[in-house]
Number of protein chains: 2
Amino acid sequence: MGETFVVIGGDAAGMSAASKARRDAPDLDIVAFEKGEWVSYAACGMPYFVKGDVADLDALVSITADEFVSERDIDLRTGAEVVAIDPSVRTVTVETAADRYEQPYDHLLVATGARAIEPPFPGLDLEGVFTLHRMGDAAAIDTYLDEHDLQRAAIVGGGYVGVEMAEALAARGLEVSMYEMLDRLLQPFGEPGARRVEDHLREHGVDLHLETAVEGFLGDDRVEAVDLGGDRATTDLVVVGVGVEPNVDLAEAAGVEIGPTGAIATDRYGRTNLEGVYAAGDCAEVDHAVTGEADWVPLALTANRAGRAVGQTVAGDPTPVGETAGTAIVKAFDLGIARTGLTDPTAARAAGFAPVEVDISARTRAGYYPGARPLHVHLLADGESRRLLGATLVGEEGAKRIDTVATALHAGLTVDEVERLDLAYAPPFSPVWDPVLTAAKVLAGRLDQ
Amino acid sequence: MGETFVVIGGDAAGMSAASKARRDAPDLDIVAFEKGEWVSYAACGMPYFVKGDVADLDALVSITADEFVSERDIDLRTGAEVVAIDPSVRTVTVETAADRYEQPYDHLLVATGARAIEPPFPGLDLEGVFTLHRMGDAAAIDTYLDEHDLQRAAIVGGGYVGVEMAEALAARGLEVSMYEMLDRLLQPFGEPGARRVEDHLREHGVDLHLETAVEGFLGDDRVEAVDLGGDRATTDLVVVGVGVEPNVDLAEAAGVEIGPTGAIATDRYGRTNLEGVYAAGDCAEVDHAVTGEADWVPLALTANRAGRAVGQTVAGDPTPVGETAGTAIVKAFDLGIARTGLTDPTAARAAGFAPVEVDISARTRAGYYPGARPLHVHLLADGESRRLLGATLVGEEGAKRIDTVATALHAGLTVDEVERLDLAYAPPFSPVWDPVLTAAKVLAGRLDQ
């Protein structure tokens, strides 16, 4: 059909869109620009590369740049940065090391992702101070660990990256300290779950400092200490993981509307306010399954799915990008912690609900069956409508059962409906009442009071 | 209030009802009759007792008869069989070893359970031939194994009990043969899943004979062989597990209506056609979440939940017993196999659907993460409405993810809605697209063709 689909960003959302559009519209010209060299990689796997569970960084790449070109007929150009979008004439301006040119588009996907937040810490550029967001970061940390005899590591920030890197660096033999400005780790997972992870990290020797502001890093060439204001804590390595922010500058400069979360505003098909311009992945908002409001949840599945949907839409079959429930799961040493929906009563009240919560402990298997482990379920529902709002699950096994709750959230089920779900039971797999059912039963009782 | 609630049957449904009624209605007189000695026991745990994973049969009892009396103020009478119900005067006739008497009731729950089908095999009474349904059976098999030096075991019937006992007896060091009359094992799990279990059993040395009718057992006092018509197969032990049937004789004789499945017909509150008479558990029908028709699915959670709901209803708070999706999970050596809803295209067509199915293999974790295992997902949907109808999952880990599908079935989700579920991802727990999502994606594509 001679139309051109231009994709900005060569990771999850961008390459999912390009691949799906290619399959569904063989005649479409597809040009994808990636400013770096890595495409379509699993950033989530990087801590496991540093830990040593994954031997080769290439294993995190699902499809190489060459394969996109040779096998999928996608004109993927790495080392090519889109520096401007001109929606009036439908072109983007591309810069490479050698060149600068205009590329026309009929359909454009902004999939510029997110970037690690780098607070203005003095000493952030010292040797031995890292963030972990792009593939080069993982390789750099791994090399630094290999080439130096390090004793102590400091992790700044108690989110996903911080928790996963605590495990990774402990496995590499370092004494790990962790500094979190707020009063608990893993904010999006709610308080009861976060406390259990904190206890577990401490049991694994992590020196955990909550409500502790880092002011910078000290050292001459190499980092030697974390500056804590009055105190200083000796360290040989620092990983800063204080969160990510959406890359929206390029889009915003072109007149793309930014939503209240700071990410790009889109409709249910991923369309922005500009004709022919879509946004998907870690740079874009998506509707929340529980609140119905636009939200920004930069996670891999959301990005892959939204990208794929945009590809399908561009190919002529309008497809919703789907909603997010903010479902996430993290491994912290031997624990899994998973969350979905609204897990914080304050957030639930802000969204107009009257939250009621329970926090129960059950077992993952029949009590008499070998290997049964505790599974903690924190469950929230709306006191008025009895609708389920969210949950956090924590345990050495079974945290993936969060998917039961996520499915219930998408379907808008009440606590009573969840209590009556027919879930799978056999002694090696579950008690008769799955822990999620037990929590729903207790919560339903509390709602009756 | 002076009213009396009489419960017939001291296992899951009966004791759940008695316990819930006691909590909710402290003034109610509650009398429960159990003809045997064991109450409130996990029959599902018996294979693991025989296997040796559970050291003590008492571990399978969640609450003892004494505890029901002393701690829950329930007048539980073991060794007391109800032999007649007279609904015209609201009494039951009770027989004990020493006595026979009438017991009045205001509310009556029939929770008489199911019994192992015993085909009229010649030789069924030989020493060394067992069924496995009641606690005494497990103890008898275990004792027989301890007291004799046995080489070969024959299992008749390839259902749950057969598959679990194959694992248990192999673990006890026996050579196991299995005989199934039909052309596959585990009928309710659909063909693709059943085939994988068959392969797995063979890999674990089980000598599997499908489409093989057993005609009886041969031997003088002790069993020596299985009679296969023309052939005979030497054996030292036989376990017959060809299914269960509901115990409805007592209720039927009193005029309680029996449904088309052969179990007791009930409404959504577990009420039978007789005023004040309820039925719950393995003797009663329950509505199917997908077909909406009455079905008979004798499983532990259904029984526990229905009993609990009846107890709550009797206590004055009418509570639905819930629907069944026929969700079930079984361990077969290293494999888990789980099912929910309609897993057989023929059954789906009979229920008025136009089934379309896919059978995919995915991985339980990110492909690069250690320990990732294949998970096979067989998914069915209706070609007209696109509604999800059922699934079977098979794998060394992850089969419990059937709960995602079960939840979707209860909510009546379409394949497209399932494809857009926000499920949990992190490399140690799942690929970006959970195997259930991948299957839904493939199935949605097939429905579009």
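1. Of the residues of chain A, A:Thr404 comes closest to the rotation axis, with its C-alpha at 2.5 Å. The model is a predicted one, in which local features need pLDDT of at least 70 and side-chain atom pairs count only at pLDDT 80 or more, while totals for chains, interfaces and linings use all residues. Residues are numbered from 1 along each chain as its sequence is written, chains are lettered from A in the order in which they are written, and side-chain values use heavy atoms, with hydrogens and water left out.

2. A turn of 180° with a shift of 0.0 Å along the axis lays chain A on chain B with an RMSD of 0.0 Å, the superposition being by least squares on the C-alpha atoms of residues with pLDDT of at least 70 in both. The two copies are thus related as by a two-fold rotation axis.

3. The copies meet through the same surface, because 100% of the interface residues of chain A are also interface residues in chain B; contact here means heavy atoms within 4.5 Å.

4. Chain A contains 12 helices and 25 strands, counted as DSSP runs (H or I of at least four residues for helices, E of at least two for strands).

5. Buried residues, meaning those under 20% relative accessible area with a 1.4 Å probe and protein chains only, make up 59% of the 449 residues in chain A. Among contacts in chain A with a separation of 6 or more, 62% are between residues 24 or more positions apart.

6. Along the principal axes, the C-alpha atoms of chain A fill a box of roughly 65 × 55 × 40 Å.

Key. Buried means under 20% relative accessible area, exposed over 50%, partly exposed in between (1.4 Å probe, protein chains only).
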